[in-house]
Structures are given as structure tokens and as C-alpha cells.
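Visitor: I would like a close look at a single part of this model, the place where two of its chains meet. Could you walk me through that part, and then through whatever helps to place it in the rest of the assembly?

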Number of protein chains: 4
Amino acid sequence: MSSVFGKNLIVTVFGQSHSKAIGVSIDNLPAGFEIDMDELSAFMNRRSAEGKSYSTKRKEKDQIEFLSGLVGNTTCAAPLCAIIRNNDYKLSDYESLKNIPRPSHADYTSQMKYKGYQDPTGGGHFSGRLTAPLCIAGAICLQILKKEGISIHAHIKKIYDVEDTSFNPIGNDVDNVKMLLENDFPVIDKQKGILMQEKIHIASEQLDSIGGIIECAVYDLPVGIGEPMFDGLENNISKAVFAIPAVKGIEFGNGFRCTDLKGSENNDPFYINDGKILTKTNNHGGILGGISTGMPLIFRTAVKPTPSIGIEQDSVSLSESVNKKIKISGRHDPCIVPRAVPCVEAAAAIALLDMYMSYRIWR
Amino acid sequence: MSSVFGKNLIVTVFGQSHSKAIGVSIDNLPAGFEIDMDELSAFMNRRSAEGKSYSTKRKEKDQIEFLSGLVGNTTCAAPLCAIIRNNDYKLSDYESLKNIPRPSHADYTSQMKYKGYQDPTGGGHFSGRLTAPLCIAGAICLQILKKEGISIHAHIKKIYDVEDTSFNPIGNDVDNVKMLLENDFPVIDKQKGILMQEKIHIASEQLDSIGGIIECAVYDLPVGIGEPMFDGLENNISKAVFAIPAVKGIEFGNGFRCTDLKGSENNDPFYINDGKILTKTNNHGGILGGISTGMPLIFRTAVKPTPSIGIEQDSVSLSESVNKKIKISGRHDPCIVPRAVPCVEAAAAIALLDMYMSYRIWR
Amino acid sequence: MSSVFGKNLIVTVFGQSHSKAIGVSIDNLPAGFEIDMDELSAFMNRRSAEGKSYSTKRKEKDQIEFLSGLVGNTTCAAPLCAIIRNNDYKLSDYESLKNIPRPSHADYTSQMKYKGYQDPTGGGHFSGRLTAPLCIAGAICLQILKKEGISIHAHIKKIYDVEDTSFNPIGNDVDNVKMLLENDFPVIDKQKGILMQEKIHIASEQLDSIGGIIECAVYDLPVGIGEPMFDGLENNISKAVFAIPAVKGIEFGNGFRCTDLKGSENNDPFYINDGKILTKTNNHGGILGGISTGMPLIFRTAVKPTPSIGIEQDSVSLSESVNKKIKISGRHDPCIVPRAVPCVEAAAAIALLDMYMSYRIWR
Amino acid sequence: MSSVFGKNLIVTVFGQSHSKAIGVSIDNLPAGFEIDMDELSAFMNRRSAEGKSYSTKRKEKDQIEFLSGLVGNTTCAAPLCAIIRNNDYKLSDYESLKNIPRPSHADYTSQMKYKGYQDPTGGGHFSGRLTAPLCIAGAICLQILKKEGISIHAHIKKIYDVEDTSFNPIGNDVDNVKMLLENDFPVIDKQKGILMQEKIHIASEQLDSIGGIIECAVYDLPVGIGEPMFDGLENNISKAVFAIPAVKGIEFGNGFRCTDLKGSENNDPFYINDGKILTKTNNHGGILGGISTGMPLIFRTAVKPTPSIGIEQDSVSLSESVNKKIKISGRHDPCIVPRAVPCVEAAAAIALLDMYMSYRIWR
């Protein structure tokens with residue numbers, strides 16, 4: 001496996017769902033940055049299942065312990081390592097995973113790749129639980145970017161067949177964003193949020209699951225971030241975001257819809273407003289040639305329905321080489337989209353801080 | 001800029017649209033691989049504009065010169081460098097690009113980032129012309145992968161409002177693929193191809209442009225390729241594919257459509273067929289947990305309409321800080337999708353060969 | 001800081017001398033390797049000061065805790081993270097380090113680079129204590145290499161003015177090596193070892209310190225490891241070995257002494273022995289063109305005298321910008337060479353396993 | 001092979017001794033830097049054999065052609081690629097290299113590693129000729145560093161048994177340095193230079209060869225460059241310098257001699273001079289904890305005697321598996337040390353510019 005990301009900022013994620021701890025090491029953070037621990041906790045709570053009606057009842061107490069890299073709460077240039085202890089799990093649910101792979105999980109591919117030596121319990125390193133250390137790193141990157149004037153916010157754009165309003169592509173939706181942060185269920189249109197939660201409830205009742213789309217905006221990026229042709233904004237943000245399990249697609253600006261338009265419609269004319277250069281449509285999502293334009297950077301990412309469902313499914317017995325039924329017990333989120341929202345922000349923040357560091361070199 | 005890709009296979013692209021030459025260096029190719037030069041030429045011709053009714057009339061003669069890395073036509077372990085000389089261009093068309101940026105091109109971002117020192121002629125390093133060295137590298141990677149039993153094929157899935165049939169997600173469309181390779185305009189449904197070409201013709205007549213979607217399939221990947229969580233298949237293929245100018249989105253398997261399904265519909269059950277483990281839907285596009293499943297790896301990528309159009313557009317004068325009109329002269333492809341098809345195959349091949357190398361380590 | 005090493009095997013070291021813990025994450029280990037925990041402990045004990053007459057009386061109990069990457073004692077492909085808790089230290093000794101830098105320590109450079117935000121206690125991330133996680137990673141790499149038939153052994157070649165016998169460059173000194181491993185003070189010539197310990201004792205009495213040279217041999221490397229020109233054996237071993245504090249030089253084969261010889265003397269003729277190709281002198285230390293020859297890989301590395309001495313020294317007050325005397329209290333090793341021996345083996349093992357992985361790709 | 005160096009500045013060297021061309025690609029240079037082409041030529045001439053009495057009579061005309069990365073002589077942010085065409089060589093000398101390996105060359109290791117597919121002519125990618133593209137990259141890095149106030153100079157410290165004066169470790173030897181640059185044979189003590197040249201002449205007469213030591217100083221580095229523990233100054237300079245064929249050792253400051261001193265002698269006290277913080281001995285060679293101190297960075301590197309000698313040597317026939325004599329014809333430098341001097345400067349410059357870029361990030 002290769003769970004290391006970045007060029008100048010190097011983020012290493014470790015741990016399995018049921019290992020002693022999960023954690024992250026972050027190399028080359030600037031010295032002297034004071035982490036706001038309350039803000040970090042608030043961010044982690046957005047990812048946590050606790051106290052959320054639409055989520056699993058499983059209790060995950062994510063207590064972060066900083067092992068290194070800080071003096072008090074302030075970075076000291078040494079690599080920062082933060083861990084979260086895993087509590088004891090009943091392992092009985094997972095015993096057969098190496099033999100009867102769960103559909104659309106990584107059980108089968110990891111069994112084949114690692115020849116049975118992988119840790120199958122709870123999905124091992126493939127577990128959604130590993131997004132917790134990703135979020136720790138992302139939350140710290142977000143705070144550093146914020147100090148540099150850059151902010152990142154995501155909301156649920158779609159769950160199953162209910163669509164939220166989109167971010168305004170040509171402005172900073174400050175008020176929407178504030179609301180999002182105050183809200184347990186981050187949508188712009190509250191009514192749509194209620195409908196979405198109903199859909200989740202129905203899926204849960206049916207022992208089924210649903211997915212959705214997350215839209216993320218980066219505001220106040222200076223012009224000039226991104227190093228084409230292989231370290232441009234799209235390249236690196238997508239590389240980071242696909243580290244989140246269940247993500248199956250990403251698009252920037254108007255994305256796939258750009259193919260429905262003619263060049264004269266999709267092109268994004270420049271204009272001067274109060275001495276500032278802006279563009280009229282921001283169809284390109286704040287990126288031209290892999291480099292930030294100064295307009296909001298906007299991307300959307302597709303999150304598949306939770307593969308763990310209570311309905312009986314078809315699978316195979318690897319040892320006997322015959323077809324077998326599988327029924328997944330245990331409690332699982334019928335929809336992981338709401339909890340994936342901060343994960344998308346985190347992945348984007350890690351990629352962006354790394355590219356921001358490259359940008360600073362020849363400033 | 002950062003035009004270097006890969007971990008074990010390191011591909012470095014260099015050149016500008018109008019520099020003396022464009023080229024690519026490929027590090028860590030296996031020794032003793034004989035390049036089929038005819039196959040390479042045939043691949044490059046698919047990208048070339050020459051002799052294609054739907055394309056620009058500009059003549060680009062892409063004569064590849066190998067500077068190093070070969071003994072005869074066989075790799076010798078030393079880094080392979082291949083270049084294409086640029087012929088003389090009339091530079092007059094491009095003189096004002098630094099002052100009046102073309103909408104949806106990289107003129108503005110590169111002017112801001114490189115403070116006017118970038119090479120503006122023909123788009124410089126941002127030019128679509130730089131996909132030629134990408135294709136050289138990709139064509140060689142494709143040949144090496146083919147020897148290992150792996151093949152990669154792409155077709156035009158959509159142009160503007162005309163959609164082609166999709167690849168069969170659960171089988172190797174051998175016959176379709178053969179047809180694609182024999183065809184100048186790679187579609188599965190020839191009738192749709194004729195309609196698409198009409199749309200391109202109309203856009204051209206209107207001095208406008210259109211975009212589309214390219215679908216790419218990788219066949220006969222062994223189970224186990226991909227190194228999650230940051231070097232999985234989606235991470236690295238997307239990082240490579242976004243190096244192609246005009247690409248604005250990527251999705252794997254059923255991609256964004258997975259959000260329209262319930263888990264019970266989107267999940268992909270395993271079954272045994274003739275002792276072999278297969279899946280029923282391949283909704284995940286041959287990837288679970290970032291690792292190949294052995295089913296066809298399928299992804300789609302959105303290509304925006306060519307930003308160079310003949311219609312007058314709004315822009316600004318950077319020096320005078322006022323709004324200005326811009327009219328782009330010269331001949332440009334009204335739709336670059338057909339020529340981008342081999343580029344997508346090339347980018348995928350580079351990413352896959354690099355990951356295939358990682359896969360071999362602990363085999 | 002950048003405490004990440006390697007291409008395919010990625011080792012990340014974290015922690016400060018007095019942080020909650022120090023540790024290491026190792027990415028991309030093979031799955032299914034069972035770590036011999038006794039052997040690991042024995043290796044760590046060689047680095048430890050405990051129970052060694054020639055060493056500091058400070059007690060460091062290095063209890064390794066594995067947080068991830070194992071199922072039982074067997075690697076499971078997920079990144080392995082191992083930590084050592086730091087016990088409580090009296091911090092009073094270190095309070096003035098940011099103002100009055102200790103000569104030949106990193107106090108001054110880190111104060112300037114990190115603007116006072118570095119962790120000064122115990123040397124922070126610059127402390128020799130950070131070689132403990134390096135040794136954990138190295139010990140695991142050594143075990144994996146051993147399974148592949150490769151062994152690494154180092155001994156004290158020189159302390160101050162006493163020189164040990166050298167490794168036999170053209171053979172595997174099996175008996176010497178066994179003795180080394182059984183010995184607390186790893187030398188080939190025991191008498192020289194006694195003299196060396198006397199020198200250390202004298203230095204200690206004088207509140208002074210001494211350094212020395214460590215010689216390291218890698219046996220039974222297959223021919224063909226190393227990726228020139230920048231990832232050859234010398235390049236990567238030296239990059240890794242210079243991570244050990246106090247190392248100031250490295251040489252391969254006869255090293256600097258090759259300059260005393262003529263080409264006809266320094267050249268290393270090939271000959272056939274029992275069908276095997278060997279060389280007569282191994283003056284090149286088992287490396288030609290950055291690639292292993294199959295002869296023992298031999299290198300030596302210079303370790304400077306411990307900079308912490310009890311004698312009063314000249315320094316400056318950074319805040320007052322005046323000359324100041326400094327007297328370092330506390331207990332420090334008068335000679336760190338014996339404890340650096342396993343560190344050199346560890347650094348070499350990490351570099352070699354990474355290069356061994358590259359070597360396996362096109363096997 | 002892996003001929004790519006660097007993190008932010010990525011240098012890729014390609015070519016073989018007798019391939020069509022040799023060259024280098026440099027990624028992520030700052031935009032807007034005007035290369036002084038005369039200075040570049042002068043630097044390349046120092047490496048060239050032409051017109052040097054002590055060198056081979058073989059004529060190598062190194063005409064640099066810039067393929068990309070420049071507008072006029074000014075960098076344009078796009079990767080810079082520069083090549084040198086190889087003229088026609090008589091290949092007859094090299095035909096048997098794959099069967100009867102030359103002692104102390106890479107013929108044997110490359111034959112084993114690349115299974116006979118390597119390019120044997122002239123040593124292929126292992127040839128000293130590949131230091132020409134290294135010098136192109138280094139010369140450009142030197143010019144950029146110079147603009148930032150940093151200079152790098154090397155001289156011949158030793159040839160066989162003749163030693164030159166050392167650089168003054170605690171001052172900038174401006175006058176010596178000027179003399180060096182004006183001199184074809186870069187030594188501080190001209191008389192020693194004459195003796196050295198006599199030694200080379202004698203070795204040449206004897207059909208033998210000799211080696212030596214090169215000392216290199218970096219002046220006016222700001223305090224704070226270097227990213228420990230794996231990207232410190234010693235780590236990366238040594239990694240780069242070992243890319244030069246024939247280098248077998250490197251030491252920083254007083255290097256291996258530090259082991260002859262006590263801590264009280266080797267330690268380097270700080271003092272205030274005119275408000276500036278300096279050290280008294282600079283025994284550490286301008287580096288503490290892997291980070292620059294502001295004192296001159298000084299290192300020495302051992303260059304082995306040219307392995308190509310006219311005297312008959314012992315080798316083996318790989319095909320017949322018997323001992324064979326080998327006699328190397330052709331003209332070769334009896335001592336490559338003088339021509340290696342700019343190569344050492346170049347390698348140091350590449351490593352330093354890359355680390356200087358890292359240093360700039362959090363400035």
C-alpha cells in the first residue's frame with residue numbers, strides 16, 4: 001500500500017479499522033503555527049457519527065492524541081504525529097470476510113493482492129474509519145490555509161434523487177457557508193435537507209443504502225496556484241479526493257455538463273470590475289491550465305451508496321469456489337455522504353496546502 | 001511547472017508549442033523491450049490532425065527522433081528521450097496573448113503566475129501540442145502493457161448531444177475495439193459517428209466549437225494492481241488524465257450515476273463462472289478499494305469545447321485594465337475530442353504501467 | 001523538516017526527544033512477513049545505553065508499541081506504525097538552549113530556521129534519540145532482507161586513535177560477524193576493543209568526548225541492485241546514513257585511500273572461481289556504476305565526538321548578542337560510536353530494502 | 001535506471017556515450033531568469049578535454065542546443081531541455097565489452113542487470129560523458145544561486161601523493177577563487193599544480209592512471225538551508241555527488257579527521273564578530289543538524305583513478321566462463337580529477353538549488 005501524499009507537505013496515514021490506533025504523520029508543516037484545538041474538535045465532530053439521527057448508532061469516540069510536532073499547541077517544525085486509539089471491537093462479525101467477500105468492498109481485491117495476510121477486521125486499512133486521520137491532517141491544513149486567507153467549504157449537493165442548490169460559482173456564498181457550518185446536515189436549501197434525510201431514513205428502513213454528490217468550493221485562492229502539467233490543481237485534488245473510500249467521480253467547474261454547451265457558451269469571458277479581473281461564468285471552476293484564476297475553485301465528487309447493506313446479497317466462497325449468499329450484520333450508515341463532507345474538505349485542503357507551498361517558492 | 005509523472009516509471013514532458021522541439025524522457029523502462037515503430041506511428045497518427053476531415057487544416061508533421069535509450073529499436077535501460085521538432089510558425093497571431101487573454105485558455109493564469117515571462121506563442125507549454133510527447137510515452141507504455149497481456153482502448157462516448165453506445169462493462173468488446181482501431185473516428189455505433197461529425201461540421205460553420213466525453217477501457221488487468229490509499233487506480237489515473245488540456249471531469253464505473261441507485265442496485269455481486277470469479281454489473285469499473293478486480297477497468301472523461309473559437313469574445317486588456325473584445329484568428333479544431341482519444345489511452349497507459357511496476361515488486 | 005525516506009518503501013520518522021512519543025511509519029512493506037520480536041528487541045538493545053559501562057547512566061526504557069500494520073506479529077500490507085513513549089524528563093537542563101546555543105549542536109541553526117518555534121528540549125527532533133525509530137524500521141528491513149538472503153553487519157573500525165581490524169573485503173567474515181553480534185562492544189579484535197573502551201573512559205574522566213569510524217558490510221547482495229545515476233547504491237546509502245546525527249563522512253570500498261593508488265593497483269580484476277565470477281581486491285566495495293557486483297558491499301562512516309561535553313565552552317547569547325560561556329550539565333555518552341553501530345546497519349538496511357524493491361520490478 | 005534528481009527542482013539526465021544525443025531536462029526553474037550563455041560556455045569548457053595538455057586528445061565538441069524552456073535566453077517556466085549531439089564514433093573499440101568486462105567499470109554489473117540489453121558502446125549511460133548534461137544543469141543552477149548571493153567553487157585538493165592547500169574554512173577565499181576560475185588547472189598553490197601535472201604525465205607514460213580529491217566550498221549560504229533528517233545538506237549533496245562516476249567517498253567539514261580529535265577540539269565555538277554570529281573552527285563544514293550555519297559549506301570527495309588504463313589486465317569471458325586478459329585501447333584521461341572539478345560544483349549546485357527552493361517555502 002502507499003498511503004503517503006504530497007511533495008512538500010507529506011501526509012502519511014496509518015492504521016486499520018481495528019488496529020491499536022489509527023493516525024497520521026505530517027511532515028514539513030511551518031513552525032510556529034498554533035492549532036486551534038476547539039476548531040479541530042468541531043471539524044472532527046462533523047465527521048463523527050455521534051449524535052446524528054441519520055447515521056449509525058455505533059459509538060466512535062475519536063479522542064486525538066498528539067505524539068509529536070507540537071510545543072503546547074504550536075507546531076515546532078518536527079513532523080507532527082496524531083493518533084486516535086481504537087476501542088475494543090467485537091471481531092466476530094468479520095471472521096468470514098477473507099472467504100466470502102462483501103460485494104463492492106475491498107475484501108476480494110485485498111484478499112487476492114495480499115494473499116490473505118491483510119487485516120480483514122472492519123475493512124482494515126480500507127475502512128472509512130481511516131478518513132479520521134485524513135480529517136485531522138485536513139483540519140490542520142484548513143487552519144493554515146485560513147490564516148493565508150483561503151477557505152474551503154463543502155455541502156451535500158445531492159442525495160439519491162434530491163438535489164440541493166449549487167454554490168454560486170461567481171461569488172463567495174458567505175451566508176450559505178456560515179449556515180452550513182452551524183448545521184449538522186450541510187445543505188444550502190434546508191427544505192431539501194429534510195427531504196434528503198427522509199430518503200436516508202427510507203433506505204435505512206429497507207436495509208438498503210443511498211449515495212450522493214458533494215460540492216466543494218475553495219474561496220480566495222490567489223491567482224497562480226497549481227503546477228501543470230502533472231501537478232496542476234485538478235491533478236492533485238483528484239488524486240487526494242480519490243483516497244476517500246466510495247468516491248467514484250470528480251468534476252471541476254461545470255464538469256461533465258460542459259459537453260452540453262458550445263464553446264461560445266462554455267467559454268468564460270474576462271471582465272474588469274472595480275479594477276479587478278473577474279470572469280463571467282466561472283464554468284471552468286476557478287482553474288485554467290491547472291492554475292487558479294482567483295475565482296472560486298469548485299468541484300463535485302460522486303459518493304456511491306454504502307456497500308454495507310442489510311439485504312442478503314450474492315457472493316462466492318473463495319475457499320470452496322462456489323457461489324454463496326452473504327448477509328452483512330452490524331450497524332452501518334445507510335448513507336455516508338453527510339459524514340464524507342468534511343472528508344472532501346480535508347482531502348482538498350491537504351492537496352491545496354501542498355500546492356500552495358510549491359506556489360510560495362518562486363514568489 | 002511540474003511536468004514529471006510517476007514513481008517507478010518517471011515521465012518528463014518538455015517543450016512549448018513553438019519551441020525548437022517538444023519531447024519526453026522516460027526513466028526506468030525495462031531493458032530489452034523492442035518498440036514496434038510502425039505501431040507507434042499508427043498510434044501517433046490517431047492523434048494527428050492530418051488527413052482528417054473533422055479537424056484543423058493546419059499541417060503538423062510529427063516526426064519522432066529518438067535521442068537516447070535505444071539500441072536499434074530496443075530499450076537499453078538508459079532513460080529514453082524522444083523529440084519532435086517544431087517547424088516554423090508564423091508568430092504574428094500570438095503577439096497580444098500576454099495582454100488580452102483568450103477566454104478559457106491559460107493565457108491569464110500563466111501571465112499572472114509567470115509575470116509575463118511565460119512563452120505565449122501557441123499556448124506555450126499549455127498547448128494541446130504537448131499531448132504529442134505524452135502520446136509517445138503512452139504508446140510505448142501501451143506496447144509494454146500489451147506484452148504483459150493488458151490492453152487499453154478508448155472511444156468517443158459523446159459529442160455535444162450525440163451519444164455513442166457504451167463499452168460492455170462486463171466483457172471484452174473485442175470486435176468493437178478492432179473496429180475502433182481501424183476507424184479514423186473511433187465510435188462503436190458508426191451511425192452515431194456520422195451524426196457526431198455533422199455536429200462538428202455545424203459548429204465549425206458557426207465559428208464555434210463543441211466538446212464531448214471519452215470512454216476508456218482497460219482489459220485483462222490482473223487482480224491486485226493499485227496501491228491505496230493515495231496510489232490507487234483512481235488516484236493515479238485521474239492525476240495523469242488531468243494533464244490533458246480541456247479535461248474537466250473523470251468518473252470510474254458508473255461514476256456519477258451511482259448516486260441514482262440504491263446500494264442493492266449499485267453493489268456488484270460476485271459469482272463463479274467456470275471456476276473464475278467475476279462480478280455481475282461491474283458498476284465499480286473494475287476497481288474496488290483502489291485495486292483492480294480483474295473485470296474491465298472503465299472510466300469516462302469530459303472534454304470541454306475547444307476554447308479557441310472564431311466568434312468575437314469578451315476579454316480585458318491587462319496593461320490598460322479595461323474591457324476589450326478579442327477575436328481569435330487562425331485555424332483550430334472545432335472539436336478536439338476525436339484527437340484526444342489516443343491521449344486518454346496514453347495517459348492511462350503511463351499511470352497503469354507505473355502502478356503495474358509497483359505491483360510487480362512483491363509478486 | 002523532511003523526515004521521509006524512500007521511493008517504494010517509505011519510512012517516516014517522527015517525534016522529539018521529549019515529545020509524548022517518538023515513532024516511525026513504514027509504508028509498502030510486503031504482506032505476510034512475520035516480525036521476530038525477540039530479534040527486534042535484541043537489535044534495539046544494541047542501540048540502548050542500558051547496562052553498558054561505556055555509556056551514559058541515563059535510563060532509557062525503549063518499549064516498542066505497534067499501533068498498526070500487523071495482525072499478530074505479521075505484516076498485513078497496511079502502513080506499519082511503531083512508537084516508543086518518552087518518559088518524563090526534567091526539562092530544566094534545556095531552558096537556555098534557545099538563547100545560548102551549544103557548540104556543534106543544531107541549537108543555533110534550528111533557532112534561526114524555525115525562529116524560536118523549534119522544540120529545544122533534549123535537542124528536539126535533532127536528538128540522537130530519534131535514531132530509535134530509525135532502528136525499529138531498520139531492524140524490520142534487516143529481517144526482510146535476511147529472508148531474501150542478504151545480511152548487514154557493522155563494527156567499530158576506529159575510536160580516537162585505536163583502530164580495529166577491517167572486514168575482509170573479499171570474503172564473508174562469518175565468524176567475526178557472529179562474535180560481533182554476541183558482543184556488547186562490536187569489534188573484530190577484542191584487544192583493540194579493550195583499548196578503545198579505555199580511551200572512552202579517559203575521555204569521560206576528562207569531561208571530554210571522542211568519535212570514531214564505523215565499518216559496515218552487506219553480504220550476499222545479488223548482482224544488479226542499484227539504479228544509477230541518482231538512485232545508485234552510494235547515492236541512497238549515503239542519503240540514509242547522513243540522517244544519523246554526528247555522521248560527517250562516508251566512503252565505499254577503499255574510499256579516500258583509492259587516491260593513493262594507481263589505476264593498475266586500484267582496479268579490481270575479475271576472475272572465475274568455481275564457475276562464479278569474483279573480483280580480486282573488491283577495492284570498489286561491491287559497487288560498480290552504482291550497482292552491486294555480488295562482492296561484499298563495504299562502507300565506512302565517520303562519527304564525530306559527542307558535542308555534549310562537560311568542559312566549559314565558548315558560545316554567545318543570541319538575545320544579548322554578546323559572547324557567553326556555556327557549561328553543559330547532565331549525563332551524556334562520552335562516545336556514541338558503539339551505540340551508532342546498529343544505527344548505521346539500520347540506515348543501510350532501509351536504503352537497501354528500498355533499492356531491492358526497485359530491483360525486483362523488472363526481474 | 002533512475003536518472004531523476006530532486007524534489008522541487010527536478011533534473012532528468014538522459015543519453016548514452018554514443019546515442020544520438022545526451023541531454024537534460026530541468027523542471028520548475030523560476031520564470032524570467034536570463035541565462036548568461038557565455039558563462040555557461042566557460043563553465044562547460046572547464047569540463048571539456050579540449051586544449052588541455054593533461055587530458056585525452058579525443059576531441060569532444062560540446063555544442064549545447066536548447067530545445068525548450070527559454071524565450072530568447074530567458075527561462076519561461078516550461079521545463080528546460082538542453083541537448084548535446086554526439087558525433088560519430090568508431091564503435092569497434094567497444095564490441096567485446098559485453099563479453100569481457102573492463103575491471104572497475106560498470107560493464108559487468110550492467111551486463112548482469114540489463115541482461116545484455118544495455119548499450120555497451122563507450123560505457124553507455126555510465127559514461128563520464130553523461131556529466132556534460134549534469135554540468136549544463138549545474139551551470140544554470142549556479143547562475144541562479146549566484147543571483148541569490150550564493151557561490152560554489154571547487155579545487156583539486158590532492159592528486160595521487162601531491163596535496164594542495166585547503167580552502168580557508170573560516171573565510172571566503174575570494175582571491176584564491178578568482179585565480180581558480182582563471183586557471184585551466186584549478187589549484188590554490190600553483191607549484192603544487194605543476195607537481196600534480198607531472199604526476200599525471202608520468203601515469204600517462206606508464207599507461208596507468210591516478211585519482212585524487214576535490215574540495216568544494218559554498219559561500220554565503222543563508223543560515224537555515226537543509227531539511228533534516230533525510231533532506232539535510234549532507235544527505236542531498238552526497239546523493240547528488242555520487243552521481244558522478246568514480247566518486248567513492250565524501251566528507252563534510254573536517255570529515256574523517258574529526259575522529260582524531262576530542263570533542264573539546266572538534267567542537268566549534270560560537271562568537272560574536274561585529275554583531276554577526278560566527279564560529280571559530282568551522283570543523284563542521286558550515287552544517288549543523290543538516291542545516292547551513294552561514295559559515296562556508298565545505299566538503300571533499302574522493303575520485304578514483306581512471307579505470308581505463310593501457311596496461312593489460314585480468315578479466316573474464318562471460319560467454320565462455322574462463323579467465324581472459326583485456327587490453328583497453330583508445331585514448332583516455334590518465335586522471336579525470338581536473339575535469340571532475342566543475343562536475344562536483346554542478347552536482348552541489350543542483351542539490352543546493354533544490355534545497356534552497358524548499359527553504360523559500362516558509363520564508
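**Where chain D meets chain B**

Guide: Happy to. In this contact, 39 residues of chain D face 39 residues of chain B. Please keep in mind that the model is predicted.

Let us begin with the area. The size of an interface is often given as the accessible area lost when the parts come together. Here chain D and chain B bury about 2,800 Å² between them, and carbon and sulfur atoms account for 60% of that. On the chain D side, M1(D), L67(D) and Y117(D) stand out: they supply 20% of the area that chain D buries against chain B, more than any other three residues.

Next come the polar and charged links. The rule finds four salt bridges across the interface of chain D and chain B. In a salt bridge across this interface, the side chain of K20(D) meets that of E65(B), with 3.8 Å from N to O. Polar contacts add to the picture, with 15 residue pairs found across the interface of chain D and chain B, both partners at pLDDT 80 or more.

Which elements carry the chain D side? At least two residues each come from β2 (10-14), β3 (21-27), β4 (64-68), β5 (70-71), β6 (74-75) and β7 (80-85) of chain D. By residue type, the side of chain D that touches chain B divides into 19 nonpolar, 15 polar and five charged residues.

Staying with chain D, one residue gives a useful view of how the chain folds back on itself. F33(D) sits in the loop between β3 and α1 (37-47) of chain D. With a relative accessible area of 7%, F33(D) is buried, because the cut-off for that word is under 20%. What surrounds F33(D)? Leaving aside neighbours within four places in sequence, its contacts are N73(D), T74(D), T75(D), Q143(D), I144(D) and K147(D). One of these partners, I144(D), is 111 residues away from F33(D) in sequence, yet the two C-alpha atoms are 7.5 Å apart in space.

Now to chain B, and to how this chain relates to another copy. Two copies of a chain are related by a rotation about an axis and a shift along it. A turn of 180 degrees with a shift of 0.0 Å along the axis lays chain B on chain A, with an RMSD of 0.0 Å. That is the relation of a two-fold axis. The same surface serves both copies, since 100% of the contact residues of chain B recur in chain A.

Some backbone details of chain B may interest you as a computational chemist. K115(B) has a positive phi of about 55 degrees, although K115(B) is not a glycine; this residue is in the loop between α2 (107-114) and α3 (131-147) of chain B. L207(B), another residue other than glycine, also has a positive phi, near 60 degrees. L207(B) lies in the loop between α5 (190-205) and β10 of chain B, and is partly exposed, with a relative accessible area of 46%.

Finally, there are cis peptide bonds to look at. In chain B, the bond from P228(B) to M229(B) is cis, with omega near 5 degrees, and M229(B) belongs to the loop between β10 (212-219) and α6 (233-241) of chain B. In chain C, the bond from P228(C) to M229(C) is cis, with omega near 10 degrees. M229(C) is found in the loop between β10 (212-219) and α6 (233-241) of chain C.

Note on methods. Residues numbered from 1 in each chain as written. Chains lettered and ligands numbered in written order. Predicted model: local features only at pLDDT ≥ 70, side-chain atom pairs only at ≥ 80, totals over all residues. Heavy atoms only, no water. Contact = heavy atoms within 4.5 Å. Buried area = accessible area lost by both parts, 1.4 Å probe. Polar contact = N/O pair within 3.5 Å; in protein donor to acceptor, adjacent residues only side chain to side chain. Helix = DSSP H or I, 4+ residues; strand = E, 2+ residues; numbered from the N terminus. Nonpolar A, V, L, I, M, F, W, Y, C, P; charged D, E, K, R; others polar. Least-squares fit on C-alpha atoms with pLDDT ≥ 70 in both. Buried < 20%, exposed > 50% of the residue type's maximum accessible area, 1.4 Å probe, protein only.
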